[in-house]
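Colleague: Before I rely on any of the labels attached to this model, I would like to hear how each of them is justified. Could we go through them one at a time?

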Amino acid sequence: MQSKTFEKIWEIVFLACSLVSVLSIIVICYFIFVNGVPFILKTGIAEFIFGSEWRPTASPASFGILPMIAGSVFVTIGSIVVGVPIGVMTAIFMAFYCPKNIYKILKPAVNLMAGIPSIIYGFFGLMVFVPIVRSWWGGTGMTVFTAAVLLGIMILPTIIGLSESSLRSVPKSYYQGSIALGATHERSLMGVVVPAAKSGILAAVILGIGRSIGETMAVIMIAGNQPMIPQSIKQGTRTMTANIVLEMAYATGPHRDALIATGVVLFIFILLINVIFNVVKRRMK
């Protein structure tokens, strides 16, 4: 009787924790959409999303966030190009090639990277990457390329950790069966094990994209923060998250509403990424 009561209590506790998580999401969505959507409708969806001028304090004011959307997209794509191949190949190395004595050092190092604050990454990029890019191309060195490389490094722990776990979860019989059929070690890994883990690897990539598109402090420090559509990777840019952080402290009235509306667009971006991931995952199955 006591054991059943104890189990019931823990069942209620677990349910309450789950409800808190769901309630938090509902409250966040309510706050963002209630404060942001009316401004988007008042300004005009096309003018707000596709407008190329951001002048919130001018008269008349302009609230076009296309430069920030473009900046977020370019920087995120660049970070994927840098981080995904390195992250996945590192995970393959750690799962199947890494000697134990090196793994004991490499694994904690990857975990430590995940715990480093983004502001520290920003300082690193400002002191290392920015001077290098400045010596290559001139200017300030704060460019789309600089931000993309730094974000590519920042998403490595997420991609490496989840990809390695996914690779290790593939049944060993897959590899053994491939070897028994005469395939080499490399072909068995790349042709059998890695494809079998593609769902988990894709999940790692999606989470990496989510962190990249939502990163703020590091991007503010090295991206240049110009509210204009970059014409090349040698120019500076401003992302949606950076735009919100840079101006929210002094924004009032329509300016503040525009920043909250930018958060709505960013939230929708994240939702679309997750929807696309779920669709691709179902097709893979």
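**Labels and the values behind them**

Modeller: Let us begin at the surface, where F124, M127, V128, I132, W136, W137 and I233 make a nonpolar patch of about 690 Å². Please keep in mind throughout that this is a predicted model.

Colleague: What makes I233 eligible for a patch, and where is I233 found?

Modeller: Patch residues need over 30% relative accessible area, and I233 has a relative accessible area of 46%, so I233 passes that cut-off and is described as partly exposed. I233 is found in the loop between α11 (217-222) and α12 (240-248).

Colleague: N225 lies in that loop between α11 and α12 too; why is N225 called buried?

Modeller: The label buried is given under 20% relative accessible area, and N225, with 17%, falls under that limit, so N225 is classed as buried. N225 also has a phi near 60°, which is a positive value in a residue other than glycine.

Colleague: What makes the contact between R55 and E53 a salt bridge?

Modeller: The criterion asks for a side-chain nitrogen of Lys or Arg within 4 Å of a carboxyl oxygen of Asp or Glu. The closest N and O atoms of R55 and E53 are 3.0 Å apart, so the pair meets the criterion. R55 is partly exposed at 43% relative accessible area, and E53 is likewise partly exposed, with 43% relative accessibility.

Colleague: How many salt bridges does the structure hold, and how do you know that E164 and K107 form one of them?

Modeller: The structure holds four salt bridges. For E164 and K107 the N to O distance is 3.0 Å, which is within the 4 Å limit, and therefore the pair counts as a salt bridge. E164 lies in helix α7 (residues 156-168) and K107 in helix α4 (residues 100-115), so the pair ties together parts that are 57 residues apart in sequence.

Colleague: Are E164 and K107 buried or partly exposed, and why?

Modeller: E164 has 1% relative accessibility, which is under 20%, so E164 counts as buried. K107, at 22%, lies between the limits of 20% and 50%, so K107 counts as partly exposed.

Colleague: Which salt bridge do E164 and R168 form, and what separates the two in helix α7?

Modeller: The side chains of E164 and R168 meet in a salt bridge with an N to O distance of 2.9 Å. The two are four residues apart in helix α7, which means that about one helical turn separates them. R168 is partly exposed, with a relative accessible area of 45%.

Colleague: What makes K107, E164 and R168 one network?

Modeller: Their salt bridges share partners, and this joins K107, E164 and R168 into one network. As general background, side chains of opposite charge can pair when their charged atoms come close.

Colleague: Helix α4 also contains N111; why is N111 called partly exposed?

Modeller: N111 has 46% relative accessibility, a value between 20% and 50%, so the label partly exposed applies to N111. The C-alpha atoms of N111 and T158 are separated by 9.0 Å, with the two positions 47 residues apart along the chain counted as their separation.

Colleague: Turning to the interior, how many cavities of 30 Å³ or more are found, and which residues line the largest cavity?

Modeller: A search of the whole structure finds one cavity of 30 Å³ or more, and the largest cavity has a volume of about 30 Å³. Its lining is formed by S72, V75, T76, L151, S212, I213, E215, V219, T239 and T241. By class, this lining has four nonpolar, five polar and one charged residues.

Colleague: Which helices supply at least two residues of that lining?

Modeller: α3 (66-97) and α10 (198-214) each do so, and the largest share, three residues, comes from α3.

Colleague: T239 is one of the lining residues; what separates the C-alpha atoms of T239 and I179?

Modeller: Those C-alpha atoms are separated by 48 Å, for residues 60 apart along the chain. I179 has its place in helix α8 (residues 172-180), and with a relative accessible area of 33%, between 20% and 50%, I179 is therefore partly exposed.

Terms used
Residues numbered from 1 in each chain as written. Predicted model: local features only at pLDDT ≥ 70, side-chain atom pairs only at ≥ 80, totals over all residues. Heavy atoms only, no water. Patch = residues over 30% accessible without salt bridge, like charges linked within 9 Å, V, L, I, M, F, W, Y side chains within 5 Å. Areas by Shrake-Rupley, 256 points an atom, 1.4 Å probe, with all protein chains shown as cover. Buried < 20%, exposed > 50% of the residue type's maximum accessible area, 1.4 Å probe, protein only. 1 Å grid on protein atoms, 1.4 Å probe; cavity = no way out; pocket = protein on both sides within 12 Å on 5 of 7 lines; lining within 4 Å. Points joined across faces, edges and corners; volume = space filled by probe spheres on them. Nonpolar A, V, L, I, M, F, W, Y, C, P; charged D, E, K, R; others polar.
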